[in-house]
Amino acid sequence: MLKIEGLTAEVEGKQILKGIDLEVPVGEVHAIMGPNGSGKSTLSYVLSGREGYEITGGSVTFAGQDLLALEPEERAASGLFLAFQYPVELPGVGNALFLRTALNAVRKARGEPELDAMQFLKVARERLKALQIGEDMLKRGVNVGFSGGEKKRNEVLQMALLQPKLAILDETDSGLDIDALKIVSDGVNALRGPGFSALVITHYQRLLDYIVPDRVHVLMGGRIVQSGGPELAKQLEAEGYASVQAAA
Amino acid sequence: MSAHPTGAAGFLHRYEGLRMRLPGARLPFVAALRDQAAEAFRTQGFPTRRVEAWKYTDLRPVADAGFDEALTAVDSAPDLPPAHGTARAVFVDGRFRPDLSALDGLPYAVESLAMALPGLDGRLGALARVEAQPMAALNTMLFEDGLVVTVPAGAAGGVLDLVSIGTASERPEAFHPRHLIRLGAGASLTIIETATGPEGARYLHNPVYEVEVAAGATLTHARLQQEAPRAFQLATAYARVAEGGTYDNFTLNAGGRLVRNEIHTVLAGPNAACHMNGAQLLRDGQHADTTTVLDHAAPDCASRQTYKTVLMGRSRGVFQGKIHVHQVAQRTDGYQMNQALLLSPEAEIDSKPQLEIYADDVKCSHGATVGEIDAEQLFYLRARGIPEPRARAMLVEAFLKEAVEGVQDEAARAALDAAITGWWEKAA
């Protein structure tokens, strides 16, 4: 599904990613763990196409396409979804309009018919119910005045509506209490299946108790320094990143 | 064709020639008002940028154009903009057109100013200040028509469309309609005004409004300025609001080449309120100026002003807003915000808020911001699959929303929303 080879990238002249090699097969959930400053967020932004990152080498293939050649909206339309670490507030943009516009843009790009307001509301209500989110969230401005937990739930709601092939969850657990963490994780787990892959980026092992990964990779100093099964996360929790650093 | 005198001299020359033929020439009070205005206009001329109130708006393109008086066939049938209500008053090149209007069976009086003049002694010119505003002087000197709306106490007037169409294409024409609007105690009315003209039309539309809102009355005055691309509009509104009354003005500046929306509001009785909101949507080559002067002249009044300007290409926007809180106006609650969104590095916005406060127990705030489209917000929308042009449109609409939401009347708000959406669809 996703294949990253020798990816290097700079921010303002400073090299952050120093040669990432990573493959996420169809249907698998992989976790990337690493300490602060290891390049986790840079990787997620480079994959989603945010400006300000200069790709200096390597390649990324997503669902058979050269991902790095696509605009952010084209990446979304081809099935990539980034759940933001800090979801952006959009004052004056209603959440319902935002969600419907996004869903229809993606449907249109996929050659599916667009949904009118009533059809959209029906779909949105089903998703809201499944995620235990109140309907009033549709009426509010996008993320405006949302608590940290509400913002993350709104990200998962967007993911549930857009049904991506690959979701990148960037520190989705940060700022979440245990109840919110459970709801978010349930949302991700509900999508798991043969057509869905995910890259879960996190600092802590806690999230991986709820979203159990097929593989865990340790990112340090802009490189993947170790890969293993879910037990690697437990080891990191017990021994800290220093142990990996020593081993690497 | 003979050369036309331009500038103030051209208009004064016209006045000399037309003086005895203008409506109301035989009414001493009208003749006196006109002569007085001519004298004021002769003294001031077209304001230059050395005049503080016109520092950011250069009227030379207006002064340098030679204007003819409007000579429109009385049976011309221009395309009319969409109606927002059932009542409609239509003006073509400044002249009232009963054949295009629909004013039967209304719970208030609507007349053509030219016809109503004999009964307007004391009302015409009661608020306009020709010695201070030269464009109001020009209007008073040369007005030929206008709308006189008189809503009796307690009447609910509903929605009245006021339509102005400028048609001159071969030679530029000037028209100076004078509109008098009076609401009796507890009355209400919504006026949705559309000023427009066909592509290619060249004209100066120089309206003056004198608005009287009696105790407890509410006037919603929504102005959609969608003039022809080469036209000028220089509008001056004067409003006086009595105890517990509300004047709700929204002006959308979207058309024209050089436009000014100048509003003078006096909150004259306790608990009076006014909203002066607006949006300026400017494309390459356009200049739009909104200038508000608000007098808090009584205690316990509230005022809200939110103006938003969106600028594209080499356009220029101006906002000047003065709030004068008189000594007697204790417990004034005033708020003024003006914000600009620059969509082009060549666009320019000038902003001059001004507070003069002479009362000591006052809550007054003002603010101004200038910014571009937020890169984080744009990326967030695009990362959800929304193509960049649509994402930009959503952010511009969101920027404007706060100003439109300040409009209480639903019909007016819907008209403004539609006009803004229409503008963006054309612009993008």
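B:Gly385 follows helix H6 of chain B and has a positive phi, near 95°. The model is predicted.

At the other end of H6(B), B:Asp374 acts as the N-terminal cap, with a side-chain oxygen 2.9 Å from the backbone nitrogen of B:Glu376. The helix spans residues 375–383 and is mostly covered, with 7 of its 9 residues buried. The buried residues are B:Gln377, B:Leu378, B:Phe379, B:Tyr380, B:Leu381, B:Arg382 and B:Ala383.

For residues 171–399 of chain B, an unreviewed UniProt entry gives the annotation "domain: SUF system FeS cluster assembly SufBD core". This span is 59% strand and 9% helix, and its end C-alpha atoms lie 39 Å apart.

In chain A, the residue considered here is A:Asn95, which is located in helix H3 (residues 95–109). A:Asn95 has a relative accessible area of 0% and is therefore buried, the cut-off being under 20%. Leaving aside neighbours within four places in sequence, A:Asn95 is in contact with A:Met137, A:Leu138, A:Arg140, A:Gly141, A:Val142, A:Phe146 and A:Asn154. Polar atoms of the A:Asn95 side chain lie 3.1 Å from the backbone oxygen of A:Met137 and make a polar contact with the side chain of A:Asn154.

The polar distances named above are listed here.

| From | To | Distance |
|---|---|---|
| B:Asp374 side-chain oxygen | B:Glu376 backbone nitrogen | 2.9 Å |
| A:Asn95 side-chain polar atom | A:Met137 backbone oxygen | 3.1 Å |
| A:Asn95 side chain | A:Asn154 side chain | 3.1 Å |

Notes:
Residues are numbered from 1 along each chain as its sequence is written. Chains are lettered from A and ligands numbered from 1 in the order in which they are written. This is a predicted model: local features need pLDDT of at least 70, side-chain atom pairs count only at pLDDT 80 or more; totals for chains, interfaces and linings use all residues. Side-chain values use heavy atoms; hydrogens and water are left out. Buried means under 20% relative accessible area, exposed over 50%, partly exposed in between (1.4 Å probe, protein chains only). Helices (H or I, at least four residues) and strands (E, at least two) are DSSP runs, numbered from the N terminus. A polar contact is a pair of N or O atoms within 3.5 Å; within protein, one must be able to donate a hydrogen and the other to accept it, and residues adjacent in sequence count only if both atoms are side-chain atoms. UniProt positions are given in the numbering used here, feature names are shortened, and annotations may be inferred rather than shown by experiment. Contact means heavy atoms within 4.5 Å.
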